[in-house]
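Let's take a stroll through a protein model and see how its pieces fit together. Have the picture open as you read.

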Amino acid sequence: MIRVATGEKKRGIDMNSGRAIRALLSAAIVAVPLAGCAADGKKPATAEKKAPPVRYARDPYPSTYRAYPGAPTLVRNATVFDGEGRRIDGGAVLFADGKVVAVGQTLDAPAGATVIDGQGKFVTPGIVDIHSHLGDYPSPGVQAHSDGNEATAPITADVWAEHSVWPQDPGFGRALANGGVTTLQILPGSANLMGGRSVVLKNVYARTMQAMKFPGAPYGLKMACGENPKRVYGSKNREPSTRMGNVAVDRQTWAKAVAYKRKWDKYEKEGGDPPERDIGMDTLRGVLSGEILVQNHCYRADEMAIVLDMAKEFGYKVTAFHHAVEAYKIADLLKASGTCAAVWADWYGFKMESYDGIGENLAILDRSGACAMIHSDDENGIQRLNQEVAKVLSSARHAGIQISDAAAWKWLSLGPATALGIDAQTGSLKPGKMADVVLWNGNPFSVYTRPEKVWVDGALLYDANDPKRRPVSDFELGQPGSGDVK
Amino acid sequence: MTRALFLLATMLATPAAAQTVAITGGTVAIGDGSAPIEGGTVVIANGRIVAAGRGVAVPAGAQIVDATGKWVSPGVVSAITDLSLVDADGVQESNDAGARNSPFKAGIDVSLGVNPAAVKVANERLGGVTRALVAPNAGGSIFAGQGAVIDLGADPDAVTRPRAFQYVELGEEGGKLAGGSRPAAHALLRDAFAQAQDYRRNPAAFDGRSRDALVLRADADALLRVIDGQVPLLVHVERAADIRNVLALTRDYPKLKLVLVGATEGWLVAKEIATARVPVIAAALADLPANFENLAATESNVGRMRAAGVPVALASTGASGGDHVLRQFAGNLVAIARIPGATGLDWGQALASITSAPAEAIGMGGEIGSLRTGRRADVVLWDGDPLELSSVPVATWIDGQPQPMRSRQSELRDRYLTSTEGALPKAYERR
């Protein structure tokens, strides 16, 4: 069969051709101790004066992203979805110095501003995809590029997705030009219960990963429940091989993390001999102290309910369930726990735990007052997230659920920005926020519409009318079709 | 639920079989590449299209379906799918798409794996899909086996044409399956063809039953039909060089009826494909260099091949949301026609790429895929433009039979529109 999709469907399932699975099969089974903590580190009390505490670096691979220059720009006479639920027909958006300046019915152009007539066009915030593997599973999807699952142990909280990101992935450019995606979270895969840290990127090509990093975005911890971890490790004849094994290994790890956090909190407050460092435990400590957000791959309603209790048991919060194909069955529980669901529009039936997927999932969550949003998990789907929301709207309306187009845009930008902890910076056209803006050549909920211009931090980085504003990654340079419309 | 569906279909079938239906007043899209016709009429009788278009007379006694404000089109034909072969792809026990460990290769007849009661069939029917080109997955050989054409009707009789085509891998995947290289895949193909011809010349002397025979008798039978041009040979390749090598096969096997599947780089060799009169079933929106064989991938591939005169149908590959997303794919090809430098399709061509074009690619355009007179009456009444994301089918006929408009997905939706339990557990809530 032709291979196109390489999201969860292929990566997680297809034992014949999924690129990551091939990696899993050939990967040596390495015995990695479960984030081992040194035996309990207590020392006899001494009269010595304690050394002052030294905090380990929280941001050792800091963002070097810099916004590219842009002209003050006024788009007027367009339909505006401001991303916070407001629609302005015949409206205007003004941005300058990389920030949104104003949104309104009519705005005056400052001297020297570029003025764009938006007649028949729509302006929206740039799309934020909370679930992507671009860079970690880049194109071409050859074995040498399979960098998204450290599937050698079920707990790999020590790995960071950013250390796998290949900034030359042609997928970044497609997501920008065809998809209007301006921000995305790159997650480790779902082979492991704790797959490692995620990273949030601005969708701007750079020579280094650091130069794509979204300044100040919190880290995430990718967790996974259900079929993938138990299949991957069960097939290696080791724990976990069942759903109860999944939870057991998670709990054992959280219990250690709680102890690690206690030791390090004490040391960083009081000083003395530093406890032994454990890179994976650093991440879990960050989760327990609320600095790192849990992004939890999970399909089934009953499993999500167990995970919510586990989070309570150890004192952390699940920021969002990803895929959450059965979230519609527990909309009330998700609402009560303040946990979001990041979902596809209509994927279903590709594995047992996706068997009950329905096209109304997102709409039912939204109607129930739960936090919900769209996501891609796919280098093709990320190019059409606006269309995925359009499909949800269609399913919803035919089921009698009324949601306005303007309100639905929250599922594409402000919702995911909030679940990434970057809603103060991006996700809506609020004055002062980053000017991450898309001009669409029609209604973005129509199949006949495409991005015409995309700005990131006010810099015009894609223009359908200007071939020079079309990114070509190093990999594609000089290859057949280099610089073509894609 | 399955039995209930079949009962319903049976009840509907008896009176409806002879019933003449006239769908009037809608925007009629024939599916043959022509532009939609406002205020058209579609007449169905005896399971076939009697007429469709403007000024079509409504026969006396016909059941009238008012389509004012709606659209009428042929049902979508899903090309290259495992629909009806699997319940859930990743659940091996439920998956009859591939047979990696079977000694049989080209001889595998996928129609025997078709399950009309698989829940996806009804789900996808509700998305406007009425027929499918069901293909096996290649597993143990470059030859996947013989594909079938099915309908998605709510009845037990799903197979329209068994053994409708042979499917073979000759690109990167083919190389892998053949032992490591494309040349090995071509050597394997030619040797299998040669053995099939040996079998024809002297069946008694043919070693088609021993454990280590590369070609078994069933395989040889299937391959002879390919060599003789009785069934099309669908060849999955992507890169331009591979496409040229496939087109060259007809020098040695002049009767081959080739169909290219995939052909991401087809636009680079569009003239050659057109000259060879070979149709293509392409992934509409494959625009990434997913592998080294897709380097020139662009969403303009379909439009550029079509502009060069190649008949192109869309493949449902990559449709994780189900086969119904084909119409989204088609709509996108209309969208890119407005992008400077891109080549898309006009609306009529786009609809044809998911209706008549897949049917014609395997020589069944006279039977399915359009509303032209005499075709099987696979008709969908939509509440809007069938390629637009906001539209859904409001009525569907397959072989002229009205279809139930519910599926397991609608049952789940209705049970959980409100997530909390009522007086009894959710397990007691059903229609």
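How many bridges join strand β10 of chain A to strand β11 of chain A? There are 5 of them, linking β10 (residues 293–298) to β11 (residues 318–323), and the two strands run parallel. One thing to keep in mind as you look around: this is a predicted model.

**The sheet in chain A**

To see one of those links up close, find Gln295(A): its bridge partner in β11(A) is Ala320(A). Now zoom out. The strands β10 and β11 sit in an open sheet of 8 strands in chain A, in the order β6-β7-β8-β9-β10-β11-β12-β13, and the pairing is mixed. At the edges you'll find β6 (127–132) and β13 (372–374) of chain A, each pairing on one side only. On average, neighbouring strands of this sheet are turned by 25 degrees against each other, if you ignore direction. As a bit of background, strands of a sheet pair through backbone hydrogen bonds, either parallel or antiparallel.

**The core**

Ala320(A) turns up again here, since it is one of the residues in contact with Ala341(A). Setting aside neighbours within four places in sequence, Ala341(A) also touches others, including Phe321(A), Ala327(A), Leu365(A) and Ala372(A). Ala341(A) belongs to the largest nonpolar core, which has 269 residues; along with Ala327(A) and Leu260(B), it has the most contacts inside that core. The element giving the most to this core is helix α4 (residues 182–201) of chain B, with 7 residues.

**Two helices in chain B**

So what does α4(B) pack against? One partner is helix α5 (residues 217–227) of chain B: the angle is about 100 degrees and the axes are 8 Å apart. That angle makes α4(B) roughly perpendicular to α5(B). Where they meet, α4(B) brings residues such as Phe193(B) and Tyr199(B), while α5(B) brings Leu223(B) and Ile227(B), among others.

**Where the chains touch**

Finally, look at the contact between the chains, which takes 57 residues from chain B and 60 residues from chain A. On the side of chain B, the elements that give two or more residues are β11 (258–262), α10 (326–335) and α13 (408–416) of chain B. The largest share, 5 residues, comes from α10(B).

Here is how two of these contacts divide by class:

| Contact | Nonpolar | Polar | Charged |
|---|---|---|---|
| Side of chain B that touches chain A | 27 residues | 22 residues | 8 residues |
| α4(B) with α5(B) | 8 residues | 1 residue | 2 residues |

Conventions
Residues numbered from 1 in each chain as written. Chains lettered and ligands numbered in written order. Predicted model: local features only at pLDDT ≥ 70, side-chain atom pairs only at ≥ 80, totals over all residues. Core = buried A, V, L, I, M, F, W, Y, C linked by C-beta atoms within 7 Å. Buried ≥ 20, exposed ≤ 12 C-beta atoms within 10 Å, placed from the backbone. Helix = DSSP H or I, 4+ residues; strand = E, 2+ residues; numbered from the N terminus. Contact = placed C-beta atoms within 7 Å. Nonpolar A, V, L, I, M, F, W, Y, C, P; charged D, E, K, R; others polar. Axes fitted to C-alpha atoms, helices over the stretch in contact; angles between N-to-C directions. Parallel < 35°, antiparallel > 145°, perpendicular 65-115°, else oblique. Pairing = 2+ DSSP bridges.
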